[in-house]
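This report looks at one helix and at two residues with unusual backbone angles. The structure it refers to is shown here.

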Amino acid sequence: MKVGIICAMSTEHHQIEQILLNKKHEVKGPFKYITGTIGENDVVLTQCGIGKVNSSAGAVEIIRNFHPNCIMSTGVAGGIDKSLNVMDVVVSNEIVYHDVWCGDGNEWGQVQGLPPRFKGNQTLIDVAKSLCTDTKIHEGLICSGDQFITAGEQLQQIKLRFPEGLAVDMESGSIAQVCYLFKTPFISFRIISDTPGAKKDNWIQYKNFWKTIANRSFAVTKAYLNALPKTL
């Protein structure tokens, strides 16, 4: 199976690059790619940049250029539920935009003409849930939008609209939308780097994640990628 992996930031990209074997570097259009192998699968890795436009462009280009059997959005996210701690993982059974409103006749988060929420691929979810790891893995809703959530007021508004939301990020929604349009199986696999609303110093919490525990926390991503099946 060929797996497309999309990261937003260089710090996330570096963590995945270290896992790859038989690496080759390519440039196509505005994006750089690293192809290689993980476990029994071929992998195409790219860094798209932060936010909806960058991530949707990255998803379109990786699909058009490499035709992966599935796409995985991975990296970090903010935990917005009391059940989550830093280093936990959230895998997306659903993804919704927390910052989209298209007017009457649409649900909050729904782009008119598209589903209110984008579903994660069940096989990819089941692999994550089956991992034998010390890391706690949660299956649930990821809320995505073009905002870095730091203020309690922002968090309260998201939880009011999506009380079952577990995590927030800035790329999963747009990548999921592109995968829906291209009929490509998708999952978001996100490590919790901070817990907005749970602590007043969550920005410090986020910075400390990268300084102290990022290398250790991405071991679960390696375990997940090695556990992926040959076919969906």
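## An exposed residue with positive phi

His67 counts as exposed because its relative accessibility is 59%, and the cut-off for that class is over 50%. In this predicted model, His67 lies in the loop that runs between helix H2 (52-66) and strand S5 (70-79). Although His67 is not a glycine, its phi is positive, at about 50°.

## A second positive phi

Lys183 is likewise not a glycine, yet it has a positive phi of about 55°. The residue is placed in the loop between helix H5 (172-181) and strand S10 (186-194), and Lys183 is exposed, with a relative accessible area of 74%.

## The two sides of helix H4

Which residues of helix H4 (residues 152-161) are buried? They are Leu155, Ile158 and Lys159. Seen down the axis of H4, these buried residues fall within an arc of 95°, so they line one face of the helix. The general background is that an α-helix has 3.6 residues a turn, so residues three or four places apart point the same way.

On the face of H4 turned away from the buried side, the exposed residues are Glu153, Gln156 and Leu160. The buried residues of H4, for their part, pack against two strands, S8 (137-144) and S9 (165-169).

Key
Residues are numbered from 1 along each chain as its sequence is written. This is a predicted model: local features need pLDDT of at least 70, side-chain atom pairs count only at pLDDT 80 or more; totals for chains, interfaces and linings use all residues. Side-chain values use heavy atoms; hydrogens and water are left out. Buried means under 20% relative accessible area, exposed over 50%, partly exposed in between (1.4 Å probe, protein chains only). Helices (H or I, at least four residues) and strands (E, at least two) are DSSP runs, numbered from the N terminus. The arc is that of the directions from the helix axis to the C-beta atoms. Contact means heavy atoms within 4.5 Å.
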